[in-house]
Amino acid sequence: MERDGVEEGLGSATSPLLLAEKSTGDSNKPTGDHSITPLLVFSTSVALCGSFSYGCSVGYSSPAESGIMEDLGLSVAEYSVFGSIVTIGGMIGAILSGKMADLIGRRGTMWICQIVCMAGWLAIASAKNAWCVDIGRFVVGVAIGILTYVVPVYISEITPKNLRGRFTSATQLLVCCGFAVTFFAGSIVGWRALSLLAAIPNIVQIVCLFFVPESPRWLAKLGREKEFEATLQRLRGTKSDISEEAADIRGAIETLKRTSDEARTLELFQKRYAYAIIVGVGLILLQTFGGNSAVSYYLGTIFAKANVSTSVGPIVFALLQIPISIVTILLMDLFGRRTLLMASATASCLCSFLVGLSFCFQELHYLKELTPILTVVGIMGFGCGFALGMSGIPWVIMAEIFPVNIKASAGSLVVLTSWASSWILTYTFNFMLEWSSAGTFFIFSGMCALTILFIWRLVPETKGRTLEEIQSTLISS
């Protein structure tokens with residue numbers, strides 16, 4: 001059951017691009033295309049509260065750092081545990097996500113996750129010592145670890161193929177919005193009040209989930225035909241013809257049932273899947289060790305070391321992510337994945353080097369007055385460059401390259417790799433800064449340079465290609 005659910009979810013997450021791409025040869029046949037309905041917009045908006053919650057959790061640790069360390073008497077090592085423990089929770093959540101989404105449905109999974117997430121924020125707000133905030137942060141991590149899987153899966157399963165790409169891409173935009181709002185609010189209120197504000201999207205989604213439908217694909221998988229057809233009809237509009245889409249969904253469910261018995265985790269390590277695994281896991285590792293997680297979690301610390309305002313700088317950084325994420329959504333299917341990834345990695349490489357250079361001047365006591373200026377320019381450029389491609393596109397490619405028989409286990413491997421590597425980086429980052437601020441960012445610049453080479457040599461262009469074409473190329477290589 002778990003394998004079926006994960007494969008179904010990840011399989012449907014690929015369809016925003018792939019279904020549209022399959023239809024390019026029949027561009028004159030609009031059959032299967034549907035218009036936007038109020039229920040579809042409302043359901044997507046409710047689901048996106050989960051992405052907003054994820055953004056809040058990512059943006060929380062930086063504005064809250066000084067307040068928590070002062071009020072609770074935390075050392076750098078203790079706060080590093082607090083900042084990074086969310087990723088340990090995320091790893092556990094990633095393991096649970098497929099089983100939960102399959103057993104209780106996408107809507108039920110989101111509902112439980114938001115209750116758990118709210119409990120975590122309340123624990124942080126009422127904490128009197130280090131272990132209380134750590135437990136609260138860990139609980140939040142478990143919830144968002146599940147939400148990062150189930151939110152895009154739910155959205156991709158309720159939207160028609162002609163709208164799925166744009167709707168699913170909104171998850172990254174809402175993560176950036178949550179990140180920006182948390183930074184802005186953190187400059188006004190204390191860390192306890194900030195944790196209470198972060199619980200607001202949890203409450204909104206808990207209430208609104210009672211008014212949105214369950215995923216029609218999940219209903220079809222359970223054999224609840226009447227509910228499946230009624231739900232699909234409501235999402236598409238009463239006057240829409242859903243017969244073709246319903247038949248496609250039933251066909252996909254039957255295919256998954258036939259192939260799921262053949263899927264085994266050990267199949268991941270067969271030689272024919274090596275290329276796909278290297279691309280998927282490699283992109284996620286390079287995404288993390290390029291420095292984005294560390295910069296997002298400890299932005300206030302970075303600006304403080306460079307003598308930059310820790311209130312204005314992080315807010316501007318967070319706000320810049322929103323328009324860049326919108327641009328990425330608009331350009332992804334126009335220029336292709338590889339082009340945006342190369343541009344993103346190049347910009348991140350140059351800007352990380354610039355930040356490293358600014359701290360180098362500071363450490364050498366040479367042109368120290370340039371350190372704040374170069375740091376601001378470099379960090380802002382790094383954030384914009386990363387948001388242009390490396391922030392979200394690796395997940396799109398991950399959803400496209402794995403065949404259905406290993407999609408569940410391969411997807412879990414990639415998600416666990418992401419959370420595990422994020423924990424390593426976020427825990428060690430403060431110690432790296434104490435060792436050498438300049439050296440830290442030179443390392444990030446080197447990782448981004450390695451990313452450029454990796455993309456150029458190994459990452460295939462998936463734009464305009466069907467799922468079968470992508471997988472046959474990767475497996476035969």
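**Exercise 1. Check the length of helix H19 in this predicted model.**
Work out what span helix H19 should have, and compare that with the distance between its end C-alpha atoms.

*Solution.* Start with the residue count: H19 covers residues 437-458, which makes 22 residues. Next, apply 1.5 Å a residue, remembering that the count is first reduced by one. The expected span is then 32 Å. Finally, look at the model, where the end C-alpha atoms lie 31 Å apart, so the two values agree.

**Exercise 2. Find the buried side of the helix.**
Which residues of H19 are buried?

*Solution.* Begin at the start of the helix, where Ser 437, Ala 438, Gly 439, Thr 440 and Phe 441 are buried. Moving on, the buried residues also include Phe 444, Ser 445, Cys 448, Thr 451, Phe 454 and Ile 455. A handy reminder here: an α-helix has 3.6 residues a turn, so residues three or four places apart point the same way. Now try this on Phe 441 and Phe 444, which sit three residues apart in H19, about one turn of the helix. Both of these phenylalanines are buried.

**Exercise 3. Look for disulfides.**
How many disulfides does the model hold?

*Solution.* The test is whether two cysteine sulfur atoms lie within 2.5 Å. The count comes to zero. Take Cys 176 as a case: the nearest cysteine sulfur belongs to Cys 177 and is 7.0 Å away, so by the 2.5 Å cut-off there is no disulfide. Cys 349 gives a second case, with the sulfur of Cys 448 nearest at 6.0 Å, and again no disulfide. As for their surroundings, Cys 176 counts as buried at 5% relative accessibility, and Cys 349 is buried at 14%.

**Exercise 4. Classify two ring pairs.**
The structure holds 15 aromatic pairs. Is the pair of Tyr 298 and Phe 429 stacked or edge-to-face?

*Solution.* Their centres are 5.8 Å apart, with 15° between the planes, and the pair is stacked. Then place the partners: Tyr 298 is in the loop between helices H12 and H13, while Phe 429 is in helix H18, so the pair ties together parts 131 residues apart in sequence. Tyr 298 is buried at 0% relative accessible area, and Phe 429 is buried at 0% too. Turn now to Phe 441 and Phe 444: the centres are 5.6 Å apart and the planes meet at 85°, so this pair is edge-to-face. To finish, put the pieces together: ring pairs link Tyr 298, Phe 359, Phe 429, Phe 441 and Phe 444 into a cluster.

Terms used
Residues are numbered from 1 along each chain as its sequence is written. This is a predicted model: local features need pLDDT of at least 70, side-chain atom pairs count only at pLDDT 80 or more; totals for chains, interfaces and linings use all residues. Side-chain values use heavy atoms; hydrogens and water are left out. Helices (H or I, at least four residues) and strands (E, at least two) are DSSP runs, numbered from the N terminus. Buried means under 20% relative accessible area, exposed over 50%, partly exposed in between (1.4 Å probe, protein chains only). Rings of Phe, Tyr and Trp (its six-membered ring) pair if their centres lie within 6.5 Å; planes under 30 degrees apart count as stacked, over 60 as edge-to-face and the rest as tilted.
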